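The following paragraphs lead the reader through a protein model and its ligand. They begin at the ligand and then turn to the protein chain.

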Amino acid sequence: MLKKIAYKYFESLVYFYRHLGYKVFIVFGFSIVIGVLDSLGLTMFLPLLQMVNDSSAISAEELGRLSFLLDIFESARIDLTLLSVLLIMSSFFLVKGLVYYLAGIYRVNVQEGFIDRLRTTNLKGLNSITYKYFIGSDVGRIQNTLTGEVDRVANAFKFYFRALQNVIMIMIYMVFAFLIDAQFAILVTIGGVIANFLYKRFYDQTKKSSRILTGEANTFQSLVIQNVANYKYLKATGSLSVYQQKLLGYIEKIKDSNKRIGKLDASLTAGREPLLVLIVVSIIYIQTSLLGSGLGPILISLIFFYRALNYLLQMQMDWNRFLAVSGSVENITSFEKEMRKNKEDIGAHEVTEPIESLSLRNISFEYGNTVVLKNIDLEISKCQTIGFVGESGSGKTTLINIIAGLLTVNSGQYLINGINSDNLNLETFQKKIGYITQDSIIFNDSLFNNITFWAEKTEENLQKFWEVITKTALLNFVNSLPEKENEVLEHNGINLSGGQKQRISIARELFKEVDILLLDEATSALDSETESIIQRNMEDLKGDYIILVVAHRIATIKNADKILVVEKGKIIKSGNYEDLIKKSEYFKNLVRLQQL
Ligand code: ADP
């Protein structure tokens, strides 16, 4: 039970503590100092009140258990006159102001450090997970978590800490109130607990709505991304409006959830003060008329309660606001956990030598229970060009992904330069890989940056840039651009032809000075001019790199050193073009269909 309560209220604290350590307690320490200084200042009202009645004597009795304060003043030889009491009171509030200022600055620093850390760990977490986990995850959720959710967690932090700081203040005021008039304090506390109990229902509902809202926001984000990513398809097929309906549904849902949370917040805020004033007023009446207590200590106690009440209101508002975003803390906690769990193992050995050989020995690969590749043996040596053909779904892309170190095998061995890939720091290997995908990767930046991957514009780099531009037959194109190499390729290269985009992609890899080129050939038909240009590009590159091509057009790989026919996760035939025409019925048919 205790564990459950602790978990419920302190789960977030544990989360914040994990990120911030001891700083959490310094924030609370400031609150304690502020609360005590404020209470001592307020206590000085009691001598003042007495002076209203009778300026000659200040009775220790009226101060209840705080009468020791009088002793302190006495031993410090401070006479309690109107002037000295006012001065002492102002000093307490002055020092409190100063501490308040320092506490504010400290909290902002901690908060900004927290957000910074959150963004950094999540980004690094994302970039260190395995590719297998990445392709199975929800892109919308990842995006939402890295952007919007971070802000929501930052707010959760703010409200959670404000709520806890308010709890500390309430506790300090309560202690002072008890010290001055215990009976009154007990009665007010009972009233407060009852009021709080009535409010519990609202909290539970807010928390539930918050969870629903986070789920809806994740889905919405995911749908928007797909809307943008598949825009061309949706527009070309007149499907935008149908797809839009799905999104509109979620916009409506998010609106409703936010409204529900807002409504709960409004009723909480509006109802609380009248309710509590009613309780306090009744208690004062009961105590003075029925129990015959004096009004002096009750009034000072009341000041404490009034302040505690303010903080209680504030605390409940903050707590409710915290609950409204608490779904995000849960979400980001599980996100961080998943990132940690699916972190890629990094082998110790760095690949510094040029790639001489790649060997796949009896490897198999599964997605869940589905066997995608089985018993693959393959030797690739320096400067070989290898083509992969086979029906869609036969496992070509998966095989290439394994060779690129994106996926790790379930059984068998993958050796790079004779070293087991498990022992290698694969990023150092991947730096030697150039990847030319079906959808060419174009960044929203200048042509120079696109090709050099933001290299410095030195004499040397510029020379190298023009070399690769010439090599990839882009020279005329670049010279025709108004800004030449500084031309910005906007909107993911939307104004470039498919062939130009691919040549830019190739140029980037050549600039990078890679050892291996992976080509995932476009399945869509390119115009014959572009096709022959790409073919020529391939011929130019052949012999200088290990080139692995997932080919859909036989023409591209006609001169490959080796062609592998993949069927249902196995390499069923291999050989050069002429060999395969003789050996493989499938290959022969393919060639005939493509009218070579
Ligand atoms: P190809 O490139 O030859 O078209 P793939 O290597 O892409 O084939 O896919 C091989 C098999 O693996 C297919 O049956 C496909 O359904 C399955 N597959 C591919 N990616 C995934 C994935 N992320 N999760 C589960 N199965 C997958």
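In this predicted model, helix α13, which spans residues 396-403, supplies three residues to the shell around the ligand, the largest share. The full set of residues surrounding the ligand consists of I135, Y367, V372, E391, S392, G393, S394, G395, K396, T397 and T398. By residue character, this shell divides into six polar, three nonpolar and two charged members.

Several contacts to the ligand involve the protein backbone. An oxygen atom of the ligand lies 2.7 Å from a backbone N or O atom of G393. For S394, a polar backbone atom is found 3.2 Å from an oxygen atom of the ligand. At G395, the distance between a backbone N or O atom and a ligand oxygen atom is 2.9 Å. How much of the ligand does the protein bury? Taken alone, the ligand exposes 570 Å², and 59% of that area is buried by the protein.

The organisation of the chain can now be considered. The protein chain is divided into domain 1, covering residues 2-341, and domain 2, covering residues 349-593. Between the C-alpha centres of domain 1 and domain 2 there is a distance of 55 Å.

Attention now passes to charged side chains. Side chains of opposite charge can pair when their charged atoms come close. The structure holds 14 salt bridges, and one of them joins the side chains of E336 and R18, with an N to O distance of 3.9 Å. Because E336 belongs to helix α12 (residues 295-341) and R18 to helix α1 (residues 2-20), this pair ties together parts that are 318 residues apart in sequence.

A last feature concerns the protein surface. Here Y17, Y22, F25 and I26 make a nonpolar patch of about 440 Å². Of these patch residues, F25 is located in helix α2, which runs over residues 23-43.

Methods: Residues numbered from 1 in each chain as written. Predicted model: local features only at pLDDT ≥ 70, side-chain atom pairs only at ≥ 80, totals over all residues. Heavy atoms only, no water. Domains from an automatic or database assignment. Patch = residues over 30% accessible without salt bridge, like charges linked within 9 Å, V, L, I, M, F, W, Y side chains within 5 Å. Areas by Shrake-Rupley, 256 points an atom, 1.4 Å probe, with all protein chains shown as cover. Salt bridge = Lys/Arg side-chain N within 4 Å of Asp/Glu carboxyl O. Helix = DSSP H or I, 4+ residues; strand = E, 2+ residues; numbered from the N terminus. Near = heavy atom within 4 Å. Polar contact = N/O pair within 3.5 Å; in protein donor to acceptor, adjacent residues only side chain to side chain. Nonpolar A, V, L, I, M, F, W, Y, C, P; charged D, E, K, R; others polar.
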